[in-house]
Amino acid sequence: MLGGTLVQIPAVWVLAGVGVLAFGLLPRAAAGISWAAFLFVNLFGEVLGPIMGIDYWIAKYVVPFPNLPMVLSGEEFGAGPLLVMTVITIACSGAGLTALKRRALA
């Protein structure tokens, strides 16, 4: 169970990276952007996607959670998607912090 939980951390980090990027670029709208990203991931990926008839493979490209290895259901662990999500998180967070630093120095 712990492994199945820990494997979801990089997908959560992607959402946190989007929040940091939003705060760095648009601090007044950061809360709204962060909530919109959270709702988009949860609604599009799990709720609205199937209801609207959107194919699962499309959701797999825009929502991070379906790309995670399903270790609890017996799927083999693969580090590839986790590494990609970690790199995306680092890029978003780095860009957001750089923008925040530039704004603080200006």
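Helices (H or I, at least four residues) and strands (E, at least two) are DSSP runs, numbered from the N terminus. The model is predicted, so local features need pLDDT of at least 70 and side-chain atom pairs count only at pLDDT 80 or more, while totals for chains, interfaces and linings use all residues. Residues are numbered from 1 along each chain as its sequence is written, and side-chain values use heavy atoms, with hydrogens and water left out.

**Exercise 1.** Work out in which order the elements of the protein chain run from the N terminus on.

*Solution.* Begin with the count, which is five helices and zero strands in the protein chain. Read from the N terminus on, the elements then run α-α-α-α-α. To place this chain in space, take the principal axes, along which its C-alpha atoms fill a box of roughly 50 × 30 × 20 Å.

**Exercise 2.** Decide whether Thr89 is buried or exposed, and find which residues Thr89 touches.

*Solution.* First locate the residue: Thr89 lies in helix H5, which covers residues 80-105. Next apply the classes, in which buried means under 20% relative accessible area, exposed over 50%, and partly exposed in between (1.4 Å probe, protein chains only). Thr89 has a relative accessible area of 10%, and therefore it is buried. Then turn to contacts, meaning heavy atoms within 4.5 Å: leaving aside residues up to four places away in sequence, Thr89 touches Pro10, Trp13, Val14 and Gly17. Finally, the side chain of Thr89 reaches the backbone oxygen of Trp13 at 3.4 Å.

**Exercise 3.** Carry out the same steps for Ser93, asking whether it is buried or exposed.

*Solution.* Ser93 also lies in helix H5, and with 18% relative accessibility it counts as buried. With residues up to four places away in sequence not counted, Ser93 touches Gly17 and Val20.

**Exercise 4.** Classify the one aromatic pair that a search of the whole structure finds.

*Solution.* Rings of Phe, Tyr and Trp (its six-membered ring) pair if their centres lie within 6.5 Å, and planes under 30 degrees apart count as stacked, over 60 as edge-to-face and the rest as tilted. The rings of Trp35 and Phe38 have centres 5.7 Å apart and planes at 90 degrees, so this pair is edge-to-face. Trp35 and Phe38 are separated by about one helical turn, because they stand three residues apart in helix H3 (residues 30-52). As for accessibility, Trp35 is exposed at a relative accessible area of 56%, whereas Phe38, at 38%, counts as partly exposed.

Conventions
A polar contact is a pair of N or O atoms within 3.5 Å; within protein, one must be able to donate a hydrogen and the other to accept it, and residues adjacent in sequence count only if both atoms are side-chain atoms.
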